[in-house]
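This briefing sets out selected features of one protein chain for readers at the bench. Please keep the sequence and the model in view while reading.

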Amino acid sequence: MNTFKVSSQTNSILEPRKKPYENRRHNFKNLMGMEMLSSAIESIETIIVDLPTIRPHKLAMHTMQHQTLVLIRLRCADGIEGLGEATTIGGLAYGNESPDSIKTNIDRFFTPLLLGHDGANINAAMQRLERSIRGNTFAKSGIESALLDAHGKRLGLPVSELLGGRVRDALPVAWTLASGDTAKDIAEAEKMLDLRRHRIFKLKIGAGEVDRDLAHVIAIKKALGDRASVRVDVNQAWDEAVAVRACRVLGSNGIDLIEQPISRNNRAGMVRLNAISPAPIMADESIECVEDAFNLAREGAASVFALKIAKNGGPRAVLRTAAIAEAAGIGLYGGTMLEGGIGTLASAHAFLTLNTLSWDTELFGPLLLTEDILVEPPLYRDFQLHVSRAPGLGLSLDEDRLAFLRRDKA
Ligand SMILES: [Mg+2]
């Protein structure tokens, strides 16, 4: 555990002189009799938590046996605590950040930049990080989520209202069928339909032989028919020649959406595929920052964008990508990094504010876990995730579960 306490003395040496307006709000005297901002960030704690999953989760580049999340606990001088989460799928097998790098980078580089600064001014706090730290969008997303949670609690408002206001209270949620076994996947889909939990199914393909993968997907679509939307996620596994053929086969067999069929590096190939595929192409790994989204939109490389707070740097940052997509006439899908409850609700609060969310969401991360660290798990009912209007992210930690599941427990 790494907890950094604010030292107003160190702060005054390292920091440039504050402009007169910066320290005026809700000031009070600290124990040393020095003037302090009540919403000043006092400590940031990062905790790696390993959570078991209900089954192995097979992706083109990795098979998950458990999920590891980095919990971020940000405390302000007024006693308000904000929670955030930074979670990857498969760590460095998927992207540039791992739970260990996220923890190290927040502890050593993010936290010293934020201590003593106003936790209530999220624009200024995130700008401060952006100026000194490139990339690291997963870590930034966790911090931004914690700042929003804290400020929502401070104002008595849900995060969705801090983001401009929600236009829905619930989000339809897809389920990923990832056992790799056709009969098992069909049985799992039927069970989800019976339970009224999911009627959108995403199949993870690309790791196996192409024709076997296509036969697997088509068999599942045939079994489910019009009762469900069936989509595939290739996680960049195909080359363009394979993708041209496979997209045609999938599109003509009722598959609704094809996610990231080829490498994020082959953007020209994505443009060509998007022009000929009978099913829409969705960009996922292609978007590692808001600027990626702009370039994809400009080039016509995808007709749908997967929105992920972790890839953009937070719930506010992901709305910038959404705005680019809306301006370009690109459809939106609320994506996940298979976060636990905190990251899932941070994503949900952002997605609740979108004008249109034509392709719904895949915010099912908490359902893949056998344990979580929240007092009340997120509420899934009637094919949707329902999001309360409680202040902040609307959740509280189960401290006993956290103590048991944290990696560094004594
Ligand atoms: Mg994906």
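The structure is a predicted model. In helix α3, which spans residues 122–132, the residues Ile 122, Ala 125, Met 126 and Leu 129 are buried. These residues lie on the same side of α3, because they cover an arc of only 90 degrees around the axis. The points below take up this helix, the magnesium site, a neighbouring glutamine, the nonpolar cores and two backbone details.

**Helix α3**

- The buried residues of α3 pack against three helices: α2 (99–114), α4 (137–155) and α12 (315–328).
- Asn 123, Arg 131 and Ser 132 are exposed, and they sit on the face of α3 that is turned away from its buried side.
- At the start of α3, the backbone nitrogen of Asn 123 has a side-chain oxygen of Asn 121 within 3.4 Å.

**Magnesium site**

- Three acidic side chains coordinate the magnesium ion at 2.1 to 2.3 Å: Asp 233 through OD, Glu 259 through OE and Asp 284 through OD.
- Asp 233 belongs to strand β10 (residues 229–233) and Glu 259 to strand β11 (residues 257–259), so this pair ties together parts that are 26 residues apart in sequence.
- Along the chain, the donors of the magnesium ion follow the spacing D-x25-E-x24-D.
- Asp 233 has a relative accessible area of 0% and is therefore buried.
- Glu 259 also counts as buried, because its relative accessibility is 1%, and the cut-off for buried is under 20%.

**Gln 260**

- Gln 260 is located in the loop that runs between β11 and α9 (267–276).
- Its relative accessibility is 0%, so Gln 260 counts as buried.
- A polar atom of the Gln 260 side chain lies 3.1 Å from the backbone nitrogen of Glu 285.
- Leaving out residues up to four places away in sequence, Gln 260 touches Asp 233, Val 234, Asn 235, Gln 236, Met 270, Met 282, Ala 283, Asp 284, Glu 285 and Ser 286.
- Among these contacts of Gln 260 are Asp 233 and Asp 284, both of which coordinate the magnesium ion.

**Nonpolar cores**

- In soluble globular proteins, nonpolar side chains tend to be buried together.
- The largest nonpolar core here holds 110 residues, of which Leu 71, Ile 143, Phe 305 and Ile 373 touch the most other members.
- This core lies between domain 1 (41–156) and domain 2 (162–394), because both domains give residues to it.
- A second core, separate from the largest one, has seven residues, including Ala 174, Leu 257, Val 304 and Tyr 333.
- Apart from neighbours within four places in sequence, Ile 373 is in contact with Val 49, Leu 51, Leu 69, Leu 71, Ile 342, Ser 396, Leu 397, Asp 398, Arg 401, Leu 402 and Leu 405.

**Positive phi outside glycine**

- Asn 235 has a phi near 50 degrees, a positive value in a residue other than glycine.
- Asn 235 is found in the loop between β10 and α8 (240–251), and it counts as buried because its relative accessibility is 6%.
- Asp 382 likewise has a positive phi near 50 degrees and is a residue other than glycine.
- The loop that contains Asp 382 runs between β15 (379–381) and β16 (384–386).
- With a relative accessibility of 39%, Asp 382 counts as partly exposed.

Conventions:
Residues numbered from 1 in each chain as written. Predicted model: local features only at pLDDT ≥ 70, side-chain atom pairs only at ≥ 80, totals over all residues. Heavy atoms only, no water. Buried < 20%, exposed > 50% of the residue type's maximum accessible area, 1.4 Å probe, protein only. Helix = DSSP H or I, 4+ residues; strand = E, 2+ residues; numbered from the N terminus. Arc of directions from axis to C-beta. Contact = heavy atoms within 4.5 Å. Polar contact = N/O pair within 3.5 Å; in protein donor to acceptor, adjacent residues only side chain to side chain. Donors = N, O, S within 2.8 Å, 3.2 Å for Na, K, Ca; no water. Core = buried A, V, L, I, M, F, W, Y, C linked by side-chain atoms within 4.5 Å. Domains from an automatic or database assignment.
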